[in-house]
2 protein chains.
Amino acid sequence: MVSRRAALTATGIGLVGVAATAAVSAATADPEPAAAPAFDGAVPFFGEHQAGIVTPAQDRLHFAAFDVITKDRAKLVEMLREWTAAAARMTQGRDAGTLGAVGGQPEAPPDDTGEALGLPPSGLTLTIGFGRSLFRDAAGVDRFGIADRLPAALEALPHFPGDALRPEISDGDLCVQACANDPQVAVHAIRNLARIGFGVVSIRYSQLGFGRTSSTSRTQTTPRNLMGFKDGTRNMKLEDAELLREQLWARAEDGAAWMAGGSYLVTRRIRMTVETWDRTSLTEQEAIFGRDKGEGAPLGKAKEFDEPDFDAKGADGQPMIAKEAHIRLAHPDFNNGAHLLRRGYNFVDGTDGLGRLDAGLFFMAYQRDPRKQFVPVQRSLARADVLNEYIRHVSSGLWACPAGVTGDGDHWGRALFS
Amino acid sequence: MVSRRAALTATGIGLVGVAATAAVSAATADPEPAAAPAFDGAVPFFGEHQAGIVTPAQDRLHFAAFDVITKDRAKLVEMLREWTAAAARMTQGRDAGTLGAVGGQPEAPPDDTGEALGLPPSGLTLTIGFGRSLFRDAAGVDRFGIADRLPAALEALPHFPGDALRPEISDGDLCVQACANDPQVAVHAIRNLARIGFGVVSIRYSQLGFGRTSSTSRTQTTPRNLMGFKDGTRNMKLEDAELLREQLWARAEDGAAWMAGGSYLVTRRIRMTVETWDRTSLTEQEAIFGRDKGEGAPLGKAKEFDEPDFDAKGADGQPMIAKEAHIRLAHPDFNNGAHLLRRGYNFVDGTDGLGRLDAGLFFMAYQRDPRKQFVPVQRSLARADVLNEYIRHVSSGLWACPAGVTGDGDHWGRALFS
């Protein structure tokens, strides 16, 4: 059938409303499913890099940050080993453990909580990250004898203008990013890791997301954020082999040998005041982003993937793409060539008690070194981006995500703790 | 490919863990999508009954309750008329209004927020309900001249033992249930209704849900709740024509003529303490529900849809299905034959600040008369159900959902306000 997207693509910009109306009216006469089904198979767990980074972004997220509540290094390492085994099983569509009906343990709690029984693997990936506080707590204490392994790139993020961070939903000792095409599968995975970690870790905060806001592969269409704009058009993608090598994967010579093949993840919960945004004119919305809303083309260009012309001027002599437009401020040309691999998700967490949706973007971006990538880009955005009137960063995290687990003898954190 | 479900079905009970392991290991060699794609077409908006009640339950929910903030009846009715037009458009995959690029209004805010551009209708249904406070506020004031239309069946729900209701996320003047197979489409719909209602209504609370916890058609498999059990096996389904006539649809002779062809919706946000549940033995979990966890069969029977035998006794002389098992207490045989059409969804709303997932079931059930259906069943459950140790009702709503909109001259609330 004809979707809103097909209608838009077929007609280009400038006719959005009319074309969509006409095309989709026709579509309603033929209400059969036609979109390709979401991938519900299994993504390999073992590999050089962790899955869930360049893996084509799945549609749903359950992200969880954990506090380590034990002081016992051996217990922590043992839990990481158990997590790895469970993750290897669950990502392949298996249970975290037996349901209890076999193995002769009906009197024990099941080793799987059961809510994903009957569901396919659904593209589940589980990606672990280590926070700065795992290496050295706020008082500087080396809690687990790994302070000398703290990567320089895990330097605490600076305060950015406008930050309104809530400590209770920021930072953390460990994180797990669960992405899948079925939210029940992602939820099940985090819950079972939390269950396995009972007594060793405690969930600090967690975030559900839907509607991936970036593509990580050229095989994917660009989705829309809750401001209604296509987001992540210029994302680093898995096909960009050279760029990934230069700007995604950490190397031994970067300083922390145990992070070779890993990547650094920045998480930011960005609340949007969508009600205010929704009362802004289309012209202003497009000027703020520097793209048109329907097609997502840079202003002055026709197509989403056309290169923006930052020098072009309109009839009024003003730049077509304003000096403080989002795509200009975030563009690699104005940030020392810095790219990010973004993997964010839209969220709506009910309402805020003031009659407004508690909605926005859970921003996630992977990179080789946040000091050279996220930090300068965010400095530029925080200083000048007109979008700041409509958004607020309320949570922040920075995570060292190691290389992949290479086989059955390996486990999450082995290189770090060995 | 072989899913966890296929593995279970093929092998029956008692071999769950082993069979799933073996079958799904084979599956990982063939990681191609195989599940039928979720319906992404359009569900008709106009009809005798509102869509979203017997419509085969979609996978995602965005439910919103609204406060009416105007005292002007005409403004309220006009908004309901605009909502109806927007709902008729959005459910067919069209925008709520033009994006602003056509129609010559680029200097006006767009009439659609844009985040569903490019997405198919995704089975979206929008279902409206009217709360008791719309007819008569807490002080008894007839706010909009419709107090005499208050249906007797909209009698305030009693306090049930164990209720821990939070007023700020309970009740409301209006509700809209948005169900779709894409959460972005459901979110988009509620947001645009809120945008259209600016100055007339304000969102009181909203709830996202995933993983429908009931089937409303025999064409659907029974999903699992976050306790890991199949839920809603015995639900009223759209194929039960006689039962729907007797127990789902209100009639003029029930008292409120304007509600003929409508139905009453009870909403309850049921928080589950899943961490405690997860440390309960399988035997106890199954005894509490009265069903086995893998297959979902009544204890003592082999298959999910086998009739439970409430008289059967085990070798120890005790009932196979305990006196206080959930399925016994909720069964029509012990509740004057009362059935419900359940349409609930699982939810996870992050964490609760105590390291626990804020997770559970957003229960929704439609019926002809809550006084004869939900209330007696819930009385029975609240009094004796062993599940109460693991759940808590924190939000409650009761809604009169009128008949369907029959054509272009009709609108939501026309019968009520005419």
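1. Arg271(A) has a relative accessible area of 14% in this predicted model. Since burial requires a value under 20%, Arg271(A) is classed as buried. Its salt-bridge partner is Asp352(A), and the closest N and O atoms of the two are 2.9 Å apart. The partner is not classed in the same way as the arginine: Asp352(A), with a relative accessible area of 23%, is partly exposed. Arg271(A) belongs to strand S5 (residues 263–272) of chain A, while Asp352(A) sits in the loop between strand S7 (345–351) and strand S8 (357–367). The two residues are 81 residues apart, and the bridge links distant parts of the chain.

2. The pair in point 1 belongs to a network. Arg269(A), Arg271(A), Asp349(A), Asp352(A), Arg356(A) and Asp358(A) are linked by salt bridges. Side chains of opposite charge can pair when their charged atoms come close. Over all chains, the search of the whole structure finds 50 salt bridges.

3. In chain B, Arg271(B) forms a salt bridge with Asp358(B), with an N to O distance of 3.8 Å. Arg271(B) is in strand S5 (residues 263–272) and Asp358(B) in strand S8, 87 residues apart, so this pair also links distant parts of its chain. Both partners are buried: the relative accessible area is 13% for Arg271(B) and 16% for Asp358(B).

4. Another salt bridge in chain A joins Arg191(A) to Glu115(A), with the closest N and O atoms 3.1 Å apart. Arg191(A) is in helix H5 (residues 183–196), and Glu115(A) is in the loop between helix H3 (73–91) and strand S2 (125–131). The sequence separation is 76 residues. Arg191(A) counts as buried at 4% relative accessibility, and Glu115(A) is buried with a relative accessible area of 1%.

5. The second largest pocket has a volume of about 1,100 Å³. Its lining consists of 48 residues. Which residues lie nearest the centre of this pocket? They are Asp349(A), Arg269(B), Asp349(B), Thr351(B) and Asp358(B). Two of these names have come up already: Asp349(A) is part of the salt-bridge network of chain A, and Asp358(B) is the partner of Arg271(B). Strand S4 (residues 201–212) of chain A supplies the largest share of the lining, seven residues.

6. Charged side chains also meet aromatic rings across the two chains. The charged end of Arg279(A) sits over the ring of Phe198(B), 3.9 Å from its centre. With the chain letters exchanged, Arg279(B) lies over the face of Phe198(A), at 3.9 Å from the ring centre.

7. The count of aromatic pairs comes to 30 over all chains. One of them is Phe63(A) with Trp399(A): the ring centres are 6.1 Å apart and the planes are at 65°, so the pair is edge-to-face. Phe63(A) lies in strand S1 (residues 60–68) and Trp399(A) in strand S9 (residues 391–401), so the contact ties together parts of chain A that are 336 residues apart in sequence. Phe63(A) and Trp399(A) are both buried.

8. In chain B, Phe63(B) pairs with Phe362(B). Their ring centres are 5.2 Å apart with the planes at 50°, so this pair is tilted. Phe63(B) is in strand S1 (residues 60–68) and Phe362(B) in strand S8 (residues 357–367), so parts of chain B that are 299 residues apart in sequence are tied together. Phe63(B) is buried, with a relative accessible area of 0%; Phe362(B), at 1%, counts as buried.

9. One aromatic cluster in chain A is formed by Phe45(A), Phe46(A), Phe66(A), Trp83(A) and Trp412(A). Within this group, Phe66(A) lies in strand S1 and counts as buried at 0% relative accessibility. How far apart in space are Phe66(A) and Arg204(A), C-alpha to C-alpha? The distance is 4.9 Å, although Phe66(A) and Arg204(A) are 138 residues apart in sequence.

10. A UniProt annotation, from an unreviewed entry, places "domain: Dyp-type peroxidase C-terminal" on residues 222–405 of chain A. Over residues 222–405, the chain is 18% helix and 22% strand. The end C-alpha atoms of this stretch are 30 Å apart.

Conventions
Residues are numbered from 1 along each chain as its sequence is written. Chains are lettered from A and ligands numbered from 1 in the order in which they are written. This is a predicted model: local features need pLDDT of at least 70, side-chain atom pairs count only at pLDDT 80 or more; totals for chains, interfaces and linings use all residues. Side-chain values use heavy atoms; hydrogens and water are left out. Rings of Phe, Tyr and Trp (its six-membered ring) pair if their centres lie within 6.5 Å; planes under 30 degrees apart count as stacked, over 60 as edge-to-face and the rest as tilted. Helices (H or I, at least four residues) and strands (E, at least two) are DSSP runs, numbered from the N terminus. Buried means under 20% relative accessible area, exposed over 50%, partly exposed in between (1.4 Å probe, protein chains only). A charge sits over a ring if NZ of Lys or CZ of Arg is within 6 Å of the ring centre and within 35 degrees of the ring normal. A salt bridge is a side-chain nitrogen of Lys or Arg within 4 Å of a carboxyl oxygen of Asp or Glu. UniProt positions are given in the numbering used here, feature names are shortened, and annotations may be inferred rather than shown by experiment. On a 1 Å grid over the protein atoms alone, a cavity is a set of points where a 1.4 Å probe fits but cannot get out, and a pocket is an open set with protein on both sides within 12 Å along at least five of seven lines; lining residues have an atom within 4 Å of a point. Grid points are joined across faces, edges and corners, and a volume is the space filled by probe spheres set on the points.
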